[in-house]
Amino acid sequence: MTEPTPRPFSQVDVFTAVPYLGNPVAVVHDADDLTDDAMAAFARWTNLSETTFLLRPTTPDADYRLRIFTPGGELPFAGHPTIGSAHAWLAAGGTPARAGQVVQECGVGLVTLRTTSDGQPPRGVAGADRAGATSSGLAFAAPALLTESAEDDATVAAYARALGLPDTAVVDSRFLDNGPRWHVLLLDSAQRVLDVRPDWSALGDVHLGIVGPYPPGGDVAFEVRGFAPAIGVPEDPVTGSLNAVVGQWLTSTGRAPATYVASQGTVLGRRGRVRVERDADGTVWVGGDAVTCVAGTVVI
């Protein structure tokens with residue numbers, strides 16, 4: 001068994017520049033010698049939707065390797081932990097091999113992030129990571145979908161019942177797999193999304209996302225909510241992987257413009273803002289601000 005060791009630790013709020021209004025991720029640095037069991041136990045202890053561990057990469061094409069755990073187990077990819085961990089790595093003095101981008105190695109392979117335009121570390125940082133460091137302009141390239149398919153009518157009807165929705169409220173639906181396996185319902189309005197109160201016993205073990213449009217002309221285009229009771233997270237405050245698949249789906253079908261901002265976490269008292277941009281080559285970038293709220297050491 002690995003002897004407990006003090007290690008650098010960060011807790012980063014993601015998809016917000018204002019502390020405590022986004023989605024937190026716990027980041028353990030220098031985690032190469034930790035066992036799977038130790039990582040899983042610490043993730044259960046933090047009880048956050050995700051806890052990550054920064055390790056040396058196994059390929060020269062990556063700047064670092066990331067392992068991502070929920071209280072219920074390990075994930076091959078997740079969006080807000082990707083941005084939060086890149087922020088923590090940069091804030092702790094990480095230097096990307098390529099100007100303007102960070103390459104993360106994780107379960108789905110290599111994930112590219114765009115950094116700030118000037119390539120500088122998060123603001124407020126002098127050397128080691130410290131609380132109060134903020135960054136903007138971090139965005140990851142959404143991993144290619146492993147699976148995309150239409151949902152059958154019976155499945156959609158069951159989800160609608162679990163969410164207390166009339167069938168007419170569901171405009172479209174997709175099963176979208178980018179590591180997390182998301183079942184996504186497009187609803188007729190953002191207000192309908194906000195009004196949903198799930199029947200958890202009926203919802204079962206599933207990753208279910210819902211999205212609905214705001215009226216044109218506002219600061220945000222869509223309201224998003226993500227439910228993941230299968231991994232012990234009834235409702236996630238702000239979900240990068242869900243916004244990635246939603247962005248890929250809606251921009252490819254013309255239901256969303258090539259660039260938009262989504263809101264998430266409103267019902268939970270958060271104010272998450274997710275920037276989605278589809279490049280001319282079809283790459284969808286998912287980004288937002290991040291701020292370090294806790295910095296210090298943890299003994300694992």
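Here is a walk through this predicted model, going from its two domains to the surface they share and then to two helices.

Start with the overall layout. The domain assignment splits the protein chain into domain 1, made of residues 6–142 plus 289–299, and domain 2, which covers 147–277. Measured out between their C-alpha centres, the two domains sit 25 Å apart.

Now look at where the domains touch. On one side, 21 residues of domain 1 are in contact with 20 residues of domain 2. People often give the size of an interface as the accessible area that is lost when the parts come together. For domain 1 and domain 2, the buried area comes to about 1500 Å², with carbon and sulfur atoms giving 56% of that.

What about charges and polar groups across this interface? The rule finds two salt bridges between domain 1 and domain 2. If you'd like a salt bridge to click on, try aspartate 289 and arginine 275: their side chains meet at 3.6 Å, N to O. The interface also has seven residue pairs in polar contact, with both partners at pLDDT 80 or more. On the domain 1 side, strand S2 (23–28), helix H2 and strand S8 (134–141) each supply at least two of the residues that touch domain 2. That side of domain 1 divides into eleven nonpolar residues, eight polar ones and two charged ones.

Helix H2 deserves a stop of its own. It runs over residues 79–91, and histidine 87 is found there. Is histidine 87 buried or exposed? Histidine 87 has a relative accessibility of 0%, so it counts as buried. The side chain of histidine 87 has a polar partner, though: a polar contact of 2.8 Å joins it to the side chain of threonine 292.

Next, move over to helix H3, residues 153–162. Which residues of this helix are buried? They are Val156, Ala157, Tyr159, Ala160 and Ala162. These buried residues of H3 pack against strand S10 (170–177), strand S11 (181–187), helix H5 (200–203) and strand S12 (207–213).

Both ends of H3 have something to show. At the N-terminal end, aspartate 152 acts as a cap, with a side-chain oxygen 3.1 Å from the backbone nitrogen of alanine 154. Just past the helix, glycine 164 takes a positive phi of about 70°.

Notes: Residues numbered from 1 in each chain as written. Heavy atoms only, no water. Helix = DSSP H or I, 4+ residues; strand = E, 2+ residues; numbered from the N terminus. Buried < 20%, exposed > 50% of the residue type's maximum accessible area, 1.4 Å probe, protein only. Polar contact = N/O pair within 3.5 Å; in protein donor to acceptor, adjacent residues only side chain to side chain. Domains from an automatic or database assignment. Contact = heavy atoms within 4.5 Å. Buried area = accessible area lost by both parts, 1.4 Å probe. Salt bridge = Lys/Arg side-chain N within 4 Å of Asp/Glu carboxyl O. Nonpolar A, V, L, I, M, F, W, Y, C, P; charged D, E, K, R; others polar.
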